[in-house]
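Open the model in your viewer and keep a selection box handy. We will go from the whole chain to the sheet, then to the side chains, one stop at a time.

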Amino acid sequence: MLASACCIPLAAAAVVIVAMHGGGSGNAEAAAPRVTAPACASAKRGVAPPPEISAAVLPPETVITSVTHPQHGMTLVSGVVARPFRSAVEFYVTSLPAAGFMNTAGDAEMDEAESLFTGPGVHGKWKVHGIPMCADAVRLALYVKT
């Protein structure tokens, strides 16, 4: 009984300290789990998201595999989203507008969907398409012009 009375407050204090300090890293981003794509997606090593791309236009499960700048003010991001096709499309249909972006002209087939979008100071296009024999991931192409 005495041990319980001492250990419970000590354990609670430890949990509070860890929560306040993010596990000792001091950096919430560093404490975030690393996203990986399923092996069937054959994704290359991930690269950092470019600063021109708002985090709001990338599903949290995105592994960015390349970033290019084909023209001044334009950024093209390619990657893999570790979500089933329907869930990835649902992200763009619901989460993009919730973040202040608007989908405009769009199109969808059985394993491919795309739409132009506009948002705060940007416009662009997202496109997701299924990966054969890989139900838990889609390929993503995203371009943004600022």
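What follows is a tour of a predicted model, with something to select at each stop.

**Stop 1: the whole chain, coloured by confidence**

Start with everything shown as a cartoon. The protein chain has three helices and six strands, and from the N terminus on the elements run α-α-β-β-α-β-β-β-β. Of its 146 residues, 27% count as buried. Among contacts between residues at least 6 apart in sequence, 46% join residues at least 24 apart.

Now colour by pLDDT. The chain averages 80, and 77% of the residues score at least 70. Where is confidence lowest, and where is it highest? Select helix 1 (residues 2-21) for the lowest, at a mean of 34, and strand 4 for the highest, at 97. Then select residues 1-32: pLDDT stays under 50 there, and the model gives this stretch five contacts beyond four places in sequence. You may like to hide residues 1-32 for the remaining stops.

**Stop 2: the sheet**

Select the six strands. They form an open sheet in the order 1-2-6-5-4-3, with antiparallel pairing. Which strands sit at the edges? They are strand 1 (62-68) and strand 3 (102-108), each of which pairs on one side only. Neighbouring strands are turned by 20° against each other on average, direction ignored.

Walk inward from strand 3. Five bridges join strand 3 to strand 4 (residues 112-119), and the two run antiparallel. To see one bridge, select Asp107, whose partner in strand 4 is Glu114.

Next come strand 4 and strand 5, paired in the antiparallel sense over eight bridges. Label Thr118 and you will find His123 of strand 5 opposite. These two strands form a hairpin with two residues between them, and Gly121 in the turn has a positive phi of about 75°.

One more step takes you to strand 6. Nine bridges join strand 5 to strand 6, again antiparallel, and His129 stands opposite Arg139 of strand 6. Here too there is a hairpin with two residues between the strands; look for Met133 in the turn, with a positive phi of about 65°.

**Stop 3: the helix across the sheet**

Add helix 3 to the selection. Helix 3 lies across strand 3, strand 4, strand 5 and strand 6 (134-145), and runs at about 165° to strand 5.

**Stop 4: the aromatic rings**

Show Phe, Tyr and Trp side chains as sticks. A search of the whole structure finds three aromatic pairs. The rings of Phe91 and Tyr92 have centres 5.0 Å apart and planes at 90°, so this pair is edge-to-face. Move on to Tyr92 and Trp126: their ring centres are 4.6 Å apart and their planes are at 15°, so this pair is stacked. Tyr92 belongs to helix 3 (residues 85-98) and Trp126 to strand 5 (residues 122-131), so the stacked pair ties together parts that are 34 residues apart in sequence.

Ring pairs link Phe91, Tyr92 and Trp126 into a cluster. Are its members buried or exposed? Switch on a surface to check: Phe91 is buried at 8% relative accessibility, Tyr92 is buried at 0%, and Trp126 is buried at 3%.

**Stop 5: the nonpolar cores**

Keep Trp126 on screen and add Phe117, Val128 and Leu142. These four have the most contacts inside the largest nonpolar core, which has 22 residues. Strand 2 (74-81), helix 3, strand 4, strand 5 and strand 6 each supply at least two of the core residues, and the largest share, six residues, comes from helix 3.

Centre the view on Val128. Not counting residues up to four places away in sequence, Val128 touches several residues, including Phe85, Val89, Tyr92, Ala113, Val138 and Leu140. Apart from the largest core lies another core, of five residues, among them Val80, Ile131, Cys134 and Ala137.

**Stop 6: a loop on the outside**

Finish with His72, in the loop between strand 1 and strand 2. With a relative accessible area of 78%, His72 is exposed. Draw a distance from its C-alpha to that of Lys145: these residues are 73 apart in sequence and 8.7 Å apart in space.

Conventions. Residues numbered from 1 in each chain as written. Heavy atoms only, no water. Phe/Tyr/Trp six-rings, centres within 6.5 Å; stacked < 30°, edge-to-face > 60°. Buried < 20%, exposed > 50% of the residue type's maximum accessible area, 1.4 Å probe, protein only. Helix = DSSP H or I, 4+ residues; strand = E, 2+ residues; numbered from the N terminus. Pairing = 2+ DSSP bridges. Axes fitted to C-alpha atoms, helices over the stretch in contact; angles between N-to-C directions. Contact = heavy atoms within 4.5 Å. Core = buried A, V, L, I, M, F, W, Y, C linked by side-chain atoms within 4.5 Å. pLDDT = per-residue confidence, 0-100.
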